[in-house]
Amino acid sequence: METGKLIVITGPSGVGKGTLVRELLARHPQLYLSISATTRSPRPGEIHGKDYYFVSRQEFEQMVQRGELLEWAEYGSNYYGTPRAKVEEILDMGKSVLLEIELVGARAIKETFPEALRLFILPPSTAELERRLRGRGKDSTEAIERRLDRGKVEMAAAGEFDCQIVNDDLDEAIASLEAIIEESYS
Ligand code: 5GP
């Protein structure tokens, strides 16, 4: 993983992207995870500047107008976007950058960075996704319903991505992810 590559990880809410990304970073500390800006409120334990940059709608709109975001999307009545400067800086240094983003943003990246590696994480089944989303207790019932609906739309687009990885057994999913990333460098 020596040369700078943009790696996009997408998948329905609750599929375990966060855990996979954390594991990947722990094994490959040279990878840089982009920290997104969002208008969503922090969940308990989330830290500004670590998990997200938590900004107001007005601040977010200004970032969009100034062209400071590489991509952005609305998700569940909030905005999410990738700050451009840091990603470009890291790529220019020859390092690889991970983006953990939803479908609309991943499509935008395909246009601006056609050489990006775009990976889609699938659950073993929709029923299992629903079980994980409800079980993690992070969102209101209404937000869970919205996330499930959106997840189904996202999963229907999984074929647009370079690779699809089923997150059933965590170790196996990480091994697949690592193998696909390693292969993309050769
Ligand atoms: P959550 O609210 O669960 O943290 O994130 C909701 C969704 O927004 C997830 O699918 C996550 O991958 C996506 N997301 C997080 N940051 C960004 C971003 O910068 N851009 C886009 N397009 N999606 C993002």
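The following questions and answers introduce the salt bridges, helices and single residues of this predicted model.

Me: On what basis are residues numbered and values computed here?
Reply: This is a predicted model in which local features need pLDDT of at least 70 and side-chain atom pairs count only at pLDDT 80 or more, while totals for chains, interfaces and linings use all residues. Side-chain values use heavy atoms, with hydrogens and water left out, and residues are numbered from 1 along each chain as its sequence is written.

Me: How many salt bridges does the structure hold?
Reply: A salt bridge is defined as a side-chain nitrogen of Lys or Arg within 4 Å of a carboxyl oxygen of Asp or Glu. By that criterion, the number of salt bridges in the structure is 19.

Me: Which helix holds both R84 and E88, whose side chains meet in a salt bridge?
Reply: The N to O distance between R84 and E88 is 3.4 Å. Helices (H or I, at least four residues) and strands (E, at least two) are DSSP runs, numbered from the N terminus. R84 and E88 are four residues apart, about one turn of the helix, and both belong to helix 3 (residues 84–92).

Me: Is R84 buried, partly exposed or exposed?
Reply: Buried means under 20% relative accessible area, exposed over 50%, and partly exposed in between (1.4 Å probe, protein chains only). The areas come from the Shrake-Rupley method, and for residues only the protein chains shown count as cover. E88 has 31% relative accessibility and counts as partly exposed. R84 has 29%, so R84 too is partly exposed.

Me: With which residue does E160 form a salt bridge?
Reply: The closest N and O atoms of this pair are 2.6 Å apart. E160 lies in the loop between helix 6 (141–156) and strand 9 (163–166) and its partner in helix 4 (residues 103–112), so the bridge ties together parts that are 53 residues apart in sequence. E160 is partly exposed at 34%, and the partner is partly exposed at 39%. That partner is R107.

Me: Which residue forms a salt bridge with R147?
Reply: The closest N and O atoms in this bridge are 3.8 Å apart. Both R147 and its partner are buried. A network of salt bridges links R40, R43, E46, R136, R147 and this partner. The residue is D139.

Me: How far apart in space are F161 and D139, C-alpha to C-alpha?
Reply: F161 is found in the loop between helix 6 and strand 9. At 5% relative accessibility, F161 counts as buried. F161 and D139 are 22 residues apart in sequence, and their C-alpha separation is 27 Å.

Me: Why are the buried residues L129, R132 and L133 on the same side of helix 5?
Reply: These three residues are buried in helix 5 (residues 126–136). The arc is that of the directions from the helix axis to the C-beta atoms. L129, R132 and L133 lie on the same side of helix 5 because they cover an arc of only 95°.

Me: Which exposed residues does the face of helix 5 turned away from its buried side carry?
Reply: The buried side of helix 5 includes L129. The face turned away from that side carries the exposed residues A127, R131 and G135.

Me: Which residues form the negative surface patch?
Reply: Patches are made of residues with over 30% relative accessible area and no salt bridge, like charges being joined within 9 Å and nonpolar side chains (Val, Leu, Ile, Met, Phe, Trp, Tyr) within 5 Å. Asp and Glu count as negative, and the place of a charge is taken as CG of Asp or CD of Glu. One member is found in helix 7 (residues 170–185) and is exposed, with a relative accessible area of 52%. The patch is formed by D168, D169, D171 and E172.

Me: What is the phi of S77?
Reply: S77 is found in the loop between strand 5 (69–75) and strand 6 (78–83). At 48% relative accessibility, S77 counts as partly exposed. Although S77 is not a glycine, its phi is positive, at about 65°.

Me: What distance separates the C-alpha atoms of A73 and R118?
Reply: A73 lies in strand 5 and counts as buried at 3% relative accessibility. R118 lies in strand 8 (residues 117–122) and is buried, with a relative accessible area of 2%. The two are 45 residues apart along the chain, and their C-alpha atoms are separated by 17 Å.

Methods: Areas by Shrake-Rupley, 256 points an atom, 1.4 Å probe, with all protein chains shown as cover.
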